[in-house]
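Please open the structure in a viewer and keep the sequence at hand. The tour proceeds by selections, with a short account of what is found at each stop.

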Amino acid sequence: MIKKTLLLSLCAIFINFSFAAEKATEKKLGETVLVNVKGLVCDFCAVGLKKTFGKKTPEVNSIDVSLKEQKIILYFEKDKTLADEKITKLIKDNGYNIVSIVRNYKAEKSVE
Amino acid sequence: MLKIVLFLSTLLLAVQARPVSYAGGWTLMSQNNWESSVLHYHYSPTAFESFGISLENYNESDRYDTNLQFNKLLKRKNTRTSQANLYLKTKAGLAFEGNNEYFNSHLGLAADWETRRYFTSYETALHYSDDLDNGSFHQQARVGIAPYIGEFGDLHTWFMLQVEHHPEEELDSEKFIITPLVRFFKGAYLTEFGVNSNGNAMINLIIRF
C-alpha cells in the first residue's frame with residue numbers, strides 16, 4: 001500500500017513538472033540579445049548580473065551568463081526590450097565593460 | 001583630533017575576498033583563523049562601495065572589536081580573460097576587553113588579479129587602537145590555481161597558498177605564516193579551508209544575497 005502511494009505520488013510530481021516545463025516552453029518570448037563583455041571571471045560576477053537584470057528590468061524574462069565565452073544572453077518578454085544604452089549602463093554599473101551588443105541573436109541553447 | 005589623524009594614517013586589510021558586491025547586494029562573510037573569528041555583513045548600494053558591520057573576537061583574549069565598515073572599489077581593469085581590482089577598506093568602532101573600551105580603527109588597501117585559471121592578491125594593513133602604542137601592521141599575499149575551469153553554476157575548486165607577515169609578533173613562527181588552502185566556489189557561495197604552518201585551522205565563508 002505504501003509502495004503504491006509512493007509510486008502514485010512520484011507519478012503526480014513527474015506529471016506536474018512535465019506540465020510546468022511545457023508551459024514554460026510554450027510561453028512566448030520576445031527578442032534575444034547577446035552582449036559580449038569583459039571582466040567576467042567568477043560566479044559572483046554572474047550572480048550579480050543575474051540579480052541586477054532580475055530586479056531592475058521587468059522587460060527581461062531571463063538571463064544566461066557564460067564565463068567561458070564572456071557573454072550574456074538576455075531573453076526579453078514578448079514585445080519588450082531595452083535600448084543598448086540602458087543595457088550598457090546596467091552592465092557598466094556592475095563593473096564590467098561591453099565589447100558588443102548583438103540584437104535578435106539566435107540562441108541555440110542555454111549557455112548555463 | 002589625534003585619533004582622526006591616526007585613523008586616517010593607519011592601514012589595515014582584513015582577509016577578505018570581493019569586499020564589494022553588486023548594486024543592491026548583501027554579503028555575509030565569516031572568517032576564522034589562528035588569530036580571530038570575524039563576522040562581517042555588508043550592503044553595496046552600488047557595485048563600487050559597501051557599508052556594513054564587523055564583529056571580531058580574538059582567540060587568545062576576551063577582546064571583541066565592533067566596527068562600522070566602508071569599502072570602496074578604487075579601480076577595476078577588465079579584459080576578455082581577466083579582472084584586476086584595487087580596493088580601499090576602512091573600519092572604525094569600539095573594542096571591548098574586560099571592563100575596558102578602546103577606540104578602534106582600520107584602513108587598508110587590497111589588490112587582486114585573476115583569470116578563470118590563476119589568482120593573485122596582495123593586501124597591506126595597519127590597525128590603530130587606543131590600547132596599541134604604535135598601531136599594528138600586517139601584509140598578506142595569495143597565489144592560486146584552479147585545477148579545472150568550470151562554467152557558471154559549476155562547483156569551482158581552487159588551490160591557494162597564503163603568506164602572512166606580522167612584523168610585531170614576538171614569535172618567529174608568527175611573524176611569517178604560510179597557509180595552504182582549498183577554495184570551493186559555486187554560485188553565491190564561497191568557502192575556504194586551510195591549515196597554517198603552525199597547525200592552526202582556517203575556515204572562511206562568503207554568501208551573497
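The tour begins in a predicted model, at M29(B), which has its place in strand β1 (residues 25-32) of chain B. Is M29(B) buried or exposed? Please display its surroundings: M29(B) is buried, because 23 other C-beta atoms lie within 10 Å, and a residue counts as buried from 20 such atoms upward.

Next, add V143(B) to the selection. V143(B) and M29(B) are 114 residues apart along the chain, and 21 Å separates their C-alpha atoms.

Now select the strands of chain B from β1 to β12. These 12 strands close into a barrel, following the order β1-β2-β3-β4-β5-β6-β7-β8-β9-β10-β11-β12, with antiparallel pairing. From one strand to the next, the twist averages 20°.

For a view of one pairing within chain B, select strand β11 (residues 189-195) and strand β12 (residues 201-208). The two strands run antiparallel and are joined by 7 bridges. Which residue of β12(B) does F193(B) stand opposite? The residue to highlight is I203(B).

Finally, show chain A together with chain B. How many residues of chain B are in contact with chain A? There are 27, and they meet 23 residues of chain A. On the side of chain B that touches chain A, the elements giving two or more residues are β4 (64-78) and β10 (176-186) of chain B. Of the elements on this side, β4(B) gives the most, with 3 residues. Colouring this side of chain B by residue class shows 7 nonpolar, 12 polar and 8 charged residues.

Definitions and conventions. Residues numbered from 1 in each chain as written. Chains lettered and ligands numbered in written order. Predicted model: local features only at pLDDT ≥ 70, side-chain atom pairs only at ≥ 80, totals over all residues. Contact = placed C-beta atoms within 7 Å. Helix = DSSP H or I, 4+ residues; strand = E, 2+ residues; numbered from the N terminus. Nonpolar A, V, L, I, M, F, W, Y, C, P; charged D, E, K, R; others polar. Pairing = 2+ DSSP bridges. Axes fitted to C-alpha atoms, helices over the stretch in contact; angles between N-to-C directions. Buried ≥ 20, exposed ≤ 12 C-beta atoms within 10 Å, placed from the backbone.
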